[in-house]
Number of protein chains: 2
Amino acid sequence: MTRFALTIEFDGGPFFGLQRQDNGPSVQQSIEDAAHAITGETVTLHSAGRTDSGVHALAMRSHLDIEKDIEPFRLMEALNAKLRPDPVAIIHCEVKPDDWHARFSCIGRSYEYRIRNRRAPLTLEKGRAWHVARPLDADAMHEAAQALVGQHDFTTFRSAHCQAASPLKTLDRLDVSREGDAVIVRTAARSFLHHQVRSMVGCLALVGQGTWGIDRMAEALEAKDRSALGLNAPPEGLYFVKATYPEEEQAA
Amino acid sequence: MTRFALTIEFDGGPFFGLQRQDNGPSVQQSIEDAAHAITGETVTLHSAGRTDSGVHALAMRSHLDIEKDIEPFRLMEALNAKLRPDPVAIIHCEVKPDDWHARFSCIGRSYEYRIRNRRAPLTLEKGRAWHVARPLDADAMHEAAQALVGQHDFTTFRSAHCQAASPLKTLDRLDVSREGDAVIVRTAARSFLHHQVRSMVGCLALVGQGTWGIDRMAEALEAKDRSALGLNAPPEGLYFVKATYPEEEQAA
């Protein structure tokens, strides 16, 4: 048995999410089916993060165990060939020790959330960004966001379906910056609650539009109440961008 | 009559090109139809550049003349409403003098060509970039490209269907740079021949792969013969990014 770590890029648009679902196509099922077609083995894909329907990944990290003797590069090529025409690509593949786990060994997750802030509808970025027509004050959003950095009870920013044992999380970074007519939110933490990033971004957009004052973000956090949530941002602007592992941090 | 200048963004994928075609949908037809629905007038859209089927625009410049009394912002909003769900958006609209012409007043055109250079197929950028699996040496491409800068007979890099009176063009810029696994070609000239950018990029890719030596680019130019062309790059990586006008240059 060999444990292969995969780095995966996907367009979340046509999927019901990364993890296997009973009700529709998932990235996990596409990759497990491709691996089965190559090896004849029934494999399970484990991933650093879970992503909702419509959420994208530039570099999701996952692993699977395979009995068949195959080189990582050959496995990557064969998986990519079988995955066509699904918008999922294995952009890196390497062998890891048997005790390396894409989810449990992961010590950090990073996401980017992309907003296009203009009157005109989206064309090339349709399904790749959240279109917000009302002007956003990115500086105000960034200032408001800083109240969420650190260890907090994020109950307000947590889906009713979240299965985490505790609503306590430590947010390492929540930065908002304007790049032309795009507003980009970059966030990192050891782990996130279900819908946490989209909930934080939705409320930040209310601050950016002036619907919420800057202090309202801290008040929403303090309320520890889902009903204090202003808005959940749509999935199409969200990208999983990085998973961090201890041995890779040391090497870098 | 008022002359309105439009700045247009579009995804070229579903269109047979910018200019009106007998055999399929075009950006020009979409916009002319939208303008007719708003004004009842039969208008003609004039544009700074012509783009082939599949070529995109981030900021095409065009104009149309309208009799109806309407503010530029209202026209932009109305056009965008009528254009849905076509992937065409009017991102700016302003009134120009009657002698301003999107095509004939234009003194400079800029394009970007986007290559993703990696083994894995494209997902989020499918139809938005040219996928080249063999490694490209972007530095060699840039060096080879410099032979084309300046005034030359570009017959080698010209479509058999090109209608320009002369193959002489002055290329102001042809820069190649690597950004991660993307290789970006940026080029600018007063005007280009039909297929010139895609033909230059196709040959540069041969240099990047080592199929052509660096000097081969100058030899191909010197040949002044379409049969010396190595490769025409596909349309999906090409973006029209800027049109320059004298009065805007002075203001800037």
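Helices and strands here are DSSP runs, numbered from the N terminus. The model is predicted, and the report covers the contact between its two chains, one helix, two loops and one strand residue.

**The interface**

Chain B brings 27 residues to the contact and chain A brings 28 residues. The size of an interface is often given as the accessible area lost when the parts come together. For chain B and chain A the buried area is about 2000 Å², and carbon and sulfur atoms give 58% of it. On the chain B side, the residues that lose the most area to chain A are Arg119(B), Thr123(B) and Leu124(B), which together make up 34% of what that side buries.

Six salt bridges are counted between chain B and chain A. One of the residues just named, Arg119(B), forms a side-chain salt bridge with Glu77(A), with an N to O distance of 2.4 Å. Eight residue pairs are in polar contact across the interface, both residues of each pair being at pLDDT 80 or more. Four elements of chain B give two or more residues to the side that touches chain A: strand 1 (2-10), strand 3 (56-66), helix 2 (72-83) and strand 4 (88-96). By residue class, the side of chain B that touches chain A divides into 15 nonpolar, three polar and nine charged residues.

**Helix 2 of chain B**

Helix 2 of chain B gives residues to the interface. This helix has twelve residues and spans 16 Å from its first C-alpha to its last, close to the 16 Å expected at 1.5 Å a residue. Its buried residues are Pro72(B), Leu75(B), Met76(B), Glu77(B), Leu79(B), Asn80(B) and Leu83(B). An α-helix has 3.6 residues a turn, so residues three or four places apart point the same way. Within chain B, the buried residues of helix 2 pack against strand 1, helix 1 (27-39), strand 3 and strand 4.

**Loop residues in both chains**

In chain A, the loop between helix 2 (72-83) and strand 4 (88-96) holds Pro85(A). In chain B, Pro85(B) is found in the loop between helix 2 and strand 4. Each of these prolines is joined to an arginine by a cis peptide bond, Arg84(A) in chain A and Arg84(B) in chain B.

A second loop, between strand 9 (182-189) and helix 4 (196-209), holds His195(A) in chain A and His195(B) in chain B. Phi is positive in His195(A), a residue other than glycine, and also in His195(B). The backbone angles are listed below.

| Site | Angle | Value |
|---|---|---|
| Arg84(A) and Pro85(A) | omega | about 0 degrees |
| Arg84(B) and Pro85(B) | omega | about 0 degrees |
| His195(A) | phi | near 70 degrees |
| His195(B) | phi | near 75 degrees |

**Ser177(B)**

Ser177(B) belongs to strand 8 (residues 168-179) of chain B. Its relative accessible area is 27%, so Ser177(B) counts as partly exposed, a class that lies between under 20% for buried and over 50% for exposed. Leaving aside residues up to four places away in sequence, Ser177(B) touches Ala138(B), Ala182(B), Val183(B), Ile184(B) and Arg186(B). Among them, Ala138(B) is 39 residues from Ser177(B) in sequence, while the C-alpha atoms of the two are 5.8 Å apart in space. With Arg186(B), Ser177(B) makes a side-chain polar contact of 3.4 Å.

Technical notes:
Residues are numbered from 1 along each chain as its sequence is written. Chains are lettered from A and ligands numbered from 1 in the order in which they are written. Side-chain values use heavy atoms; hydrogens and water are left out. Contact means heavy atoms within 4.5 Å. Buried area is the accessible area (1.4 Å probe) that two parts lose on being put together, summed over both. A salt bridge is a side-chain nitrogen of Lys or Arg within 4 Å of a carboxyl oxygen of Asp or Glu. A polar contact is a pair of N or O atoms within 3.5 Å; within protein, one must be able to donate a hydrogen and the other to accept it, and residues adjacent in sequence count only if both atoms are side-chain atoms. Ala, Val, Leu, Ile, Met, Phe, Trp, Tyr, Cys and Pro count as nonpolar, Asp, Glu, Lys and Arg as charged, and the others, Gly among them, as polar. The expected span of a helix is 1.5 Å times one less than its number of residues. Buried means under 20% relative accessible area, exposed over 50%, partly exposed in between (1.4 Å probe, protein chains only).
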